[in-house]
Amino acid sequence: MEFSLLGAALLGVAAVYGVIYWEAARGNAADCSKDLWDVSLGAATAGLVVGRLAAMIIAGTNPLTEPGDILIVRSGVDTGWAAVGALVALAVISRRETVLVAGGLAAAALAGLGAWEAGCLVRDTCHGTVTDLPWGISLGGSEITRHPVGIYTALLFFVAALAVMWLKRRTQNPLMVGGVTLAAAGSVRLVTEPMRSALGGRPTLWYLTAVFLGVGVVVVAQYRQRVEP
Amino acid sequence: MVRLRRGLAVLLVISACGGTSVDIADIAVLPVASTTDIESLLASSQQPVVMNVWASWCIPCRSEAPLLAQAHASFRDDIRFVGIDVRDSQDNARGFLAEFDLDIFEHYFDGNGVIPGAFGGRGVPLTFFFREGGELSYLHFGVIDERTLAVHLDELTR
């Protein structure tokens, strides 16, 4: 058995947990009745299942006739559908407090994504496309240097998480925080995707959708802030 | 009741997805190969070789089969793809190839499952990446993901 994927997932979960409680300790927690840790676990699990089912269906594997395949997460999880599944689950779990919960979880979610990406160091999967840059990394036994794209992505997610923490303290507007987070997550993916190796189509459209949706939410949040001060 | 109907509708839609597209009768019996056969295949190949070890009873192999078909479609001009079916029956192996349209590249039958061990592999699935001349570039144990497969395929073509 190979447990490096599990190790990377645990890093992500630990980062989410750490940021939720660090923010709570600093008085930067969401003003809602839901336990953010429970909501984040529920949303992440739902996202994982939806993303895996989508990846199977897209690959032509029937989840009903091959239920065992659902557990083979390493074979692929569709990023876009996973995000949709997680957001829908978050809305269902948090009900009337969706915006508050989304704002409260924003920084933790970005930090979790960053830690998951940093898990490429555990999995030895940080390598991207070929580059001549001095910090390029090589596969074992190779002289070809490649972008450490997993590290780039992790660093950008961590920077975005810090920016969102700062924004939360300044605005007290969870809708705006949620929009900025969505746009930031899409932007990080969009910027790093060309440096990743891929076999077929890239999920660029999903990332663009996240950016535009996030910007749209920010505009709505600003408008509402002006109208309802 | 409404929820039950909705659930059944979703199940019906999902159950309509996927399925066999090639008739098993169209799949030829897999040629039996020995370690020596594969060693000479690797030594004489004019292209780098990706050798995937699979079995029809192996659930993770089923899971990565669509990815291999996709990889073959993208790299077939530059890389030779070879499948080694281990500890299996011919009928089940042909059924597997038919189900996943994997007869698009060559496959060999290794009833005793000795070939992977000769190249340092153990368990199923395995994916070997060989440079021209048969030098091992990388061996992946277990299910391979798209990014890892893409990086190592790219490495072989340079």
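**Exercise 1. Find which residues of α3(B) are buried, then decide how enclosed the helix is.**

*Solution.* Start with the list: in this predicted model, the buried residues of α3(B) are B:Pro60, B:Cys61, B:Arg62, B:Ser63, B:Glu64, B:Ala65, B:Pro66, B:Leu67, B:Leu68, B:Ala71, B:His72 and B:Phe75. To make the list, a residue needs 20 or more other C-beta atoms within 10 Å of its own.

Next, do the tally. That's twelve of the 17 residues, so α3(B) is largely enclosed by the rest of the structure.

Finally, look for what does the covering. It includes β1, β2 (80–86) and α6 (146–156) of chain B.

**Exercise 2. Work out how the span of α3(B) sits against the expected value, and locate its kink.**

*Solution.* Take the ends first. Helix α3 covers residues 59–75 of chain B, and its first and last C-alpha atoms are 25 Å apart. At 1.5 Å a residue you'd expect 24 Å, so the span is close to that.

Now walk along the helix. At B:Ala65 you'll hit a kink of about 35 degrees, shortly before the proline B:Pro66. Both B:Ala65 and B:Pro66 are on the buried list from Exercise 1.

**Exercise 3. Lay out the sheet of chain B and say which strands stand at its edges.**

*Solution.* Write down the order: β3-β2-β1-β4-β5, an open sheet of five strands with mixed pairing. β3 (106–110) and β5 each have a single partner strand, so one side of each is left without a neighbour in the sheet. From one strand to the next, the twist averages 15 degrees.

Then add the helix on top: α6(B) lies across β1, β4 and β5, and runs at about 170 degrees to β5(B).

**Exercise 4. Describe the surroundings of β4(B): its partners, its hairpin and its side chains.**

*Solution.* Go one partner at a time. With β1 (residues 49–54) of chain B, β4(B) pairs antiparallel over five bridges. Two of the matches are B:Met51 with B:Phe128 and B:Val49 with B:Phe130.

With β5 (residues 136–141) of chain B, β4(B) again runs antiparallel, joined by five bridges; here B:Thr127 is matched with B:His140. The hairpin of these two strands has five residues between them, and B:Gly133 has a positive phi near 95 degrees.

Last, sort the side chains. B:Leu126, B:Phe128 and B:Phe130 point one way, B:Thr127 and B:Phe129 the other, and all are buried. With five of the five residues buried, β4(B) is largely enclosed by the rest of the structure.

Notes
Residues are numbered from 1 along each chain as its sequence is written. Chains are lettered from A and ligands numbered from 1 in the order in which they are written. This is a predicted model: local features need pLDDT of at least 70, side-chain atom pairs count only at pLDDT 80 or more; totals for chains, interfaces and linings use all residues. Helices (H or I, at least four residues) and strands (E, at least two) are DSSP runs, numbered from the N terminus. Two strands pair if DSSP finds at least two bridges between them. The bend at a residue is the angle between axes fitted to the seven residues ending there and the seven starting there. Two residues are in contact if their C-beta atoms, placed from the backbone, lie within 7 Å. Axes are lines fitted to C-alpha atoms, for helices over the stretch in contact, and angles run from 0 to 180 degrees between N-to-C directions.
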